[in-house]
Amino acid sequence: MHLYNLTLQPPTAVTQAIVGNFSGVRAQEIIVSRGTRLELLKPDPNTGKVSTILTHDVFGTIRSLVAFRLTGGTKDYAIVGSDSGRLVILEYDPKANAFVKLHQETYGKSGVRRIVPGQYLAVDPKGRSVMIAAMEKAKLVYILNRDAAANLTISSPLEAHKNHAIIHHIVGVDVGFENPLFAALEVDYSESDQDPTGAAFEKAEKMLTYYELDLGLNHVVRKWSEPTDKRASMLLQVPGGQTSSEGKHDGPSGVLICCEGYIIWRHMDTEQHRIPIPRRRHPLDERSREVIIVAAVMHKMKGAFFFLLQSEDGDLFKVTIDHEDEDVKALKIKYFDTVPVASSLCILKSGFLFVASEFGNHYLYQFQKLGDDDDEIEYSSASYPENGMANPLPQAYFRPRALENLVLADELNSLDPIVDAKVTNLLNTDTPQIFAVCGRGARSSFRMLRHGLDVEETVSSELPGIPNAVWTVKLKAEDQYDAYIVLSFINGTLVLSIGETIEEVSDTGFLSSSPTIAVQQIGEDSLLQVYPHGIRHVLADRRVNEWRCPQHTTIVAATTNTRQVVIALSSAQLVYFELDLEGQLNEYQDRKALGSGVLAMSIAEVPEGRQRTPYLAVGCEDQTVRIISLDPDTTLENISLQALTAPPSSICIAEIMDASIDKNQLTMFVNIGLQNGVLLRTVLDPVNGQLTDTRTRFLGSRPVRLIRVNVHGSPSILALSSRSWLNYTYQNLLHFTPLIFDPLEYAWSFSAELCPDGLIGISGNVLRIFQVPNLGQKLKQDVIPLSYTPRKMLQHPTERLFYVIESDHRVLSPEAVDTKLQKLKGTGQRVDQEVIDLPPEIFGRPRADAGAWASCIQVIDPVNVRSVLEITLDNNEAAFSLAVTTFTSRPGELFLVIGTAQDVIVAPRSCKSGFLRTYKISENGTGLEFLHKTELDDVPLALLAFQGRLVGGVGKALRMFDIGKKRLLRKCENKSFATAIVTLTTQGSRIIVGDMAESIYYATYKPPENRLLVFADDSQPRWITASTMVDYDTVCAGDRFGNVFVNRLAAKVSEQVDEDPTGAGILHEKGLFMGAPHKTDMLCHYYVGDIVTSMHKVSLVAGGRDIVLYTGLHGSIGVLIPFVSKEDVDFIRTLEQHMRTEAPSLVGRDHLAYRGYYVPVKAVVDGDLCELFSLLPTQKQQSIAAELDRTYSEVLKKLEQMRVTTTGF
């Protein structure tokens, strides 16, 4: 078995974000790290929308990211710390739209290790040096400079190690142009290590240490070290140093230390200032713990600066420092606003705040004001004794409220984290949908993902009849917007003018009594209408020149551009017209007889600076397409011919950018739609007119109609069949994606003030104007909000419904909230109802200490995008597993069994008692009728319907239950599992059990003896997170370190077990390695770089082969595609080997080592790496293809075929 791994949806989580002028122009961009990818985002300061400019898979783990600028420079560079053991400096090249690696400095081993630097990065504010540090001991400093040619240079590393020191954070200190200074939070553990009593550990101090880089002597010295608060977790750089012109200081320099509950400003040899972090004044908050700062950002303006600090509840605090030069007068803090908890905050100079959320969607906010003149309480260190350094520091409070200083500008969809998913075709369309439960806490959601581009409809209006075509047309070539909409009906033509409103006009010069075949704005300022009996050329002064067909013939097809018109007559003749320099339309003296009826034809747009386009494509009834010359010397001569498998229904020639074919200029594509719903795409050679590189694709059941349109300012093709498809360029590569919209009969580009970049289409008798807002998102998401963090989901066997269980730890349940409110009201305390009623999706639910749970069961109807039913669990119970099952003793009834536990402690895992709650499913799945509750001795983490009974993984035991009157009855069990059962799947009488830490077990049920027996297991321990059966003997699973593997049981063993009626043979076999008597063989192994949360064996394309689809915690969706033939395996593996050398990782990680992070990669090819072939320089593409005995277009075709025929993406 060999598999091909492909990512359909890259991870959407953002682990870090930095802001800077990376393209060298005045506008700022954001670079985000998505764990294994770098992405460049550009916020538009006018519209507030964020667009993705570039994404790049680095094939390594990005651990740290920082932006810096050389002194006096205008361009920012990015420094990346990763698991490659190398420091990499990247520059963004806007011309090539790529990240360019300027320097790659090796300093240590690869992998994420305690003492190998890469975890922390800090840069000197003046861009003169960078420090890279490990979690422990190692710190290296590099000097950054420029050479005579103004290129960036980097020095050898200078060591600043400290043995037995754990590093909590590092930051560059702003000292102007004095020697660069770095601050570190360190703890020395040497004494704690030697002392078994733990006394030394209690006394261990956290030190704030300054390291100075002496630029003269070229070495690093430890300049100053003082103990600080034990709970300090983060350092922030405070502006300092003198501005050369006035001799004034930008700020007091030093650092802000974020501790638990308060913030300290500290610098060498000066007095400290301390302020408390305000807590929420919330009547229900039960936490005993202080507030922790999780994200922060500093922003410098002219002559001022401020900090925004975010607490773990999402509250933002504005911190300012009153200072006179280097002398701090007061440190001040006040509540600013509340936004979702972020992993990174970025402030842009254009007045935006980018919040890279820790979980869920990412947001761009615009500053309305800076919170200076509101009535929030401001706490100042000057109002406390000893500037707040005296203990104890009084508690500060604030009252949370809705946004006042910020307003939401844009939202970026993110699936992170996907907790569980199912793949099924609920909507009865061509392809199945992916249903995922995502998010955390009150911001969780149930999402339906459909492959296709989302469409925003702006106008939908009914028409008097059913039109067969629609066009829009400008009056003059230089007009920005369209003036008319032309609709053709069976018996006439209707012209609508576009203005404040859309209304009918009759004085356009168009013939309204006849249907229309084509409409075109031609020349500078005239219009053209082709109708069955002739051509009308309407001049700017409304005079009409008319050309009529010869007697007894009609026009059957026409194609036009701004200077040329070609028509086909019913007598199988072509007539060619061209515009002369006076603006007259002249017919070419000869007509070409084709000998076969014309079905479709097309010419391209006139290239810029040219008089005409030289080629015409004609599709005939004899199932051929001919390329005919329109060149003055060889007019209407045949150049080439392509045979088809069915009569053509439509042809479209368009010049579109596709960097995989030509990186410098547009490629001319001839798209041919056939009557059987197939689309052919060929490349037209601009020099000799030959057709090459033909690719086919099935679009739908109706004949294909092709229309050339403009989307986001670049030429694209709309292909209409039983679904509508768009062929477009995104990030310089050609994509072909369906539109999620009603089927259209005809469409055209539409440009008006209300919708400058739109499309207009007809669906039945409805005229629709719409646009495609985001070309980068190929999965449309329909979102249903959930109450708590989802844990598992399950589909109803027959209805279009899902059951979702949700539970949150350290949160008060509604029952506990009510009890507490009654208690408060009973004691006569005033309850702030406004604070209690704040929306939980922004402010979170009332928090509690460990051991408190809130949980519920929800019934979701994804088709109508709504939640049908919610059942809240009481008694501090939390739901962990669910199964929909039938019981043999109760035929015709469906039951939902929920595995819950009361008073669960997460670590070490324990509970007061576990339960199985049994509900009878009624009202077509929307009603749940509670029957009874069965008590257990441990947490049930997995449940499964099995042969008219229920199988459950209760802690370490596998048990089988049947239904009784007052509880579920235990029928048999097996207690031989090592840690805890987390996954269960079944086929026949076989049950595949996934153990939390001990991989996969094969178990079987023997009814004569009523036994559950384990007969095979894995020889390696693995921490299973998800599994699925590929066939009866083969299982594919993922573990919590990001590995995916396939294990198979020998066929002989499998037969032997099935033939043994009582299981006596298994019982008496001797166990191997303290386990089962048989071991599975590992067939495939691969590191995907994300924790796999669900796996499914599905077919994504109608009639396509089965593949394994997996979802990852970071919001990624990937597939494993089996190879069909040995030659495919050899071809793609050889290509992968070439790609490893020709397309090295951006962060310097060895690809083979990365994909074999824990276990060497086996029998899996990295499709993401192979797909980068299209981005290689043309010479490299040609040399690799020559090694493979193919042309480079054949290699691209093979890769596209691998992807499209199995996934449809």
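## Two residues with positive phi

In this predicted model, H712 is partly exposed, because its relative accessible area of 39% falls between the limits for buried and exposed residues. H712 lies in the loop that joins strand 59 (705–711) to strand 60 (714–720), and, although it is not a glycine, it has a positive phi of about 55°.

S253 also has a positive phi without being a glycine, with a value near 65°. The loop that holds S253 runs between strand 19 (234–237) and strand 20 (255–258), and S253 counts as buried because its relative accessibility is 2%, where the cut-off for buried is under 20%. Such backbone values deserve a second look, since most residues other than glycine have a negative phi.

## Two cis peptide bonds

The peptide bond from D416 to P417 is cis, with omega near -10°, and P417 is placed in the loop between strand 33 (406–412) and strand 34 (418–424). A further cis peptide bond leads from A907 to P908, again with omega near -10°; P908 belongs to the loop between strand 72 (890–902) and strand 73 (913–922). As background, most peptide bonds are trans.

## The surroundings of Q28

Q28 is found in the loop between strand 2 (16–20) and strand 3 (29–33), and it counts as buried because its relative accessible area is 14%, with buried meaning under 20%. A polar atom of the Q28 side chain lies 2.7 Å from the backbone nitrogen of K349.

When residues up to four places away in sequence are left out, Q28 touches V19, G20 and N21, together with P43 and with L348, K349 and S350. K349 is thus one of the residues that Q28 touches, as well as the residue whose backbone nitrogen lies 2.7 Å from the polar side-chain atom.

## The protein as a whole

The protein contains twelve helices and 91 strands, and its C-alpha trace spans about 110 × 95 × 70 Å along the principal axes. Its radius of gyration is 34 Å, which agrees with the value near 33 Å that a compact globule of 1209 residues would have. Of these 1209 residues, 58% count as buried, and among contacts with a separation of 6 or more, 56% are accounted for by residues 24 or more positions apart.

The protein exposes about 49,000 Å², of which carbon and sulfur atoms supply 48%. Its charges comprise 120 positive and 146 negative ones, and the mean positions of the two sets are 5 Å apart.

Key:
Residues are numbered from 1 along each chain as its sequence is written. This is a predicted model: local features need pLDDT of at least 70, side-chain atom pairs count only at pLDDT 80 or more; totals for chains, interfaces and linings use all residues. Side-chain values use heavy atoms; hydrogens and water are left out. Helices (H or I, at least four residues) and strands (E, at least two) are DSSP runs, numbered from the N terminus. Buried means under 20% relative accessible area, exposed over 50%, partly exposed in between (1.4 Å probe, protein chains only). A polar contact is a pair of N or O atoms within 3.5 Å; within protein, one must be able to donate a hydrogen and the other to accept it, and residues adjacent in sequence count only if both atoms are side-chain atoms. Contact means heavy atoms within 4.5 Å. The radius of gyration is taken over C-alpha atoms; the globule rule is 2.2 Å times the number of residues to the power 0.38. Accessible areas come from the Shrake-Rupley method with a 1.4 Å probe; for residues, only the protein chains shown count as cover. Lys and Arg count as positive and Asp and Glu as negative; His and the chain ends are not counted. The place of a charge is taken as NZ of Lys, CZ of Arg, CG of Asp or CD of Glu.
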